[in-house]
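Good morning, everyone. Please look at the screen, and I will walk you through the model.

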Amino acid sequence: MDRFPAQFEDMLTAAGRRVLAGGSPLCGALAAPRRGLLDRALYDRLELLEHPIPPESIWEMTKNYAELLPKTARVRTAFLERRRERAYRRAEEIGLVAMLRSESFAAFAAALAGRALRQRWGIQVLCYGPGDYAGPHNDHHPEEPAARRGYLDLHVSLSGRGVAQQWLVYAVQGHFSRIVDVATAGGVTAYRLPIWHYTTPLVPKAGARPTEARRWLLLGTFLYRHPFVAETRVPRPGKLLEN
Ligand SMILES: [Fe+2]
């Protein structure tokens with residue numbers, strides 16, 4: 001079976017490697033997207049994550065303009081934290097676990113973060129199909145001491161040719177005023193969380209095959225080594241990872 005490269009770095013272009021080396025403030029594109037491999041090996045192992053709008057959010061309202069929307073979403077996912085997960089073994093076989101656990105993936109995140117990260121980080125795979133989306137949410141985790149002052153997410157997007165559009169909308173100064181195209185093949189988005197954001201429904205191209213109208217998302221969640229201290233010094237890659 002085909003495999004992912006062992007290191008995240010091996011999927012990066014020269015521009016991406018410049019980010020890794022600390023020479024650029026920007027993200028790069030990936031040299032060799034492996035979306036087809038994900039379609040073949042992992043799609044049938046994903047779980048459907050579905051949180052629709054609760055009907056009571058309308059019909060149990062008692063005051064005008066008092067609506068509150070909990071986090072809504074429809075997306076397929078595989079948490080790659082536990083070996084017992086259905087998708088874990090398959091993700092390991094195709095090299096995805098090793099690539100997302102590679103030192104260069106964490107070093108890339110740390111280069112963008114500009115501060116030291118914990119040695120362990122969370123990894124996950126998401127797959128958006130036609131109409132899949134994530135409603136407004138902020139990804140704040142106030143119950144987790146290591147995350148409650150903020151953390152970093154790194155997403156690698158691998159969109160199929162049948163994806164017409166999908167957008168990330170995020171809030172700046174209290175308004176959902178910024179929008180970014182995430183229907184990319186090999187684009188990297190980094191999030192300094194928590195922040196209010198949402199992902200618009202994936203729109204397929206007319207007549208697209210189902211396997212082409214998907215956006216895969218490879219995801220790393222990184223905690224700061226010193227969650228309560230804002231570091232300004234940028235450590236050298238390779239020196240970033242501590243317990
Ligand atoms: Fe989010």
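Let's start with a term: donors are N, O and S atoms within 2.8 Å of the metal (3.2 Å for Na, K and Ca), and because water is not among the atoms, sites may look incomplete. In sequence, the iron ion's donor residues follow the spacing H-x1-D-x57-H. Two of the donor residues, Asp139 and His197, sit 58 residues apart and link distant parts of the chain. Asp139 is in the loop between strand E5 (133-137) and strand E6 (151-159), and His197 is in strand E11 (residues 197-199). Helices (H or I, at least four residues) and strands (E, at least two) are DSSP runs, numbered from the N terminus.

Which atoms hold the iron ion? The protein donors are His137 (NE2), Asp139 (OD) and His197 (NE2), at 2.1 to 2.2 Å. His197 is buried, at 5% relative accessible area. Buried means under 20% relative accessible area, exposed means over 50%, and partly exposed is in between (1.4 Å probe, protein chains only). Asp139 also has a positive phi of about 60°, although it is not a glycine.

A word on the ground rules. This is a predicted model, where local features need pLDDT of at least 70, side-chain atom pairs count only at pLDDT 80 or more, and totals for chains, interfaces and linings use all residues. Residues are numbered from 1 along each chain as its sequence is written, and side-chain values use heavy atoms, with hydrogens and water left out.

Now the whole chain. It has six helices and 14 strands. Of its 243 residues, 44% are buried. Contact means heavy atoms within 4.5 Å. Take the contacts with a separation of 6 or more: 79% of them join residues 24 or more positions apart.

Two residues show such contacts. Leu37 lies in helix H2 (residues 35-41). Is Leu37 buried or exposed? Leu37 is buried, with a relative accessible area of 4%. Beyond four places in sequence, Leu37 touches Asp2, Arg3, Phe4, Leu42 and Ile94. Leu37 and Ile94 are 57 residues apart along the chain, yet their C-alpha atoms are separated by 7.8 Å.

Next, Ser159, in strand E6. Ser159 counts as buried, at 9% relative accessibility. Outside its neighbours within four places, Ser159 contacts residues including Arg35, Val182 and Arg214.

On to the largest pocket. On a 1 Å grid over the protein atoms alone, a pocket is an open set of points where a 1.4 Å probe fits, with protein on both sides within 12 Å along at least five of seven lines; lining residues have an atom within 4 Å of a point. Grid points are joined across faces, edges and corners, and the volume is the space filled by probe spheres set on the points. Here that volume is about 860 Å³. The pocket has 36 lining residues, and the closest to its centre are Gln124, Asp139, Asp153, Leu219 and Thr221. Asp139 is the iron donor we met earlier. Strand E4 (122-128) gives the most to the lining, with five residues.

Last, two backbone details. The peptide bond from Leu193 to Pro194 is cis, with omega near 0°. Pro194 sits in the loop between E10 and E11. Gln173 has a positive phi near 50°, and it is not a glycine. Gln173 is exposed, at 78% relative accessible area.
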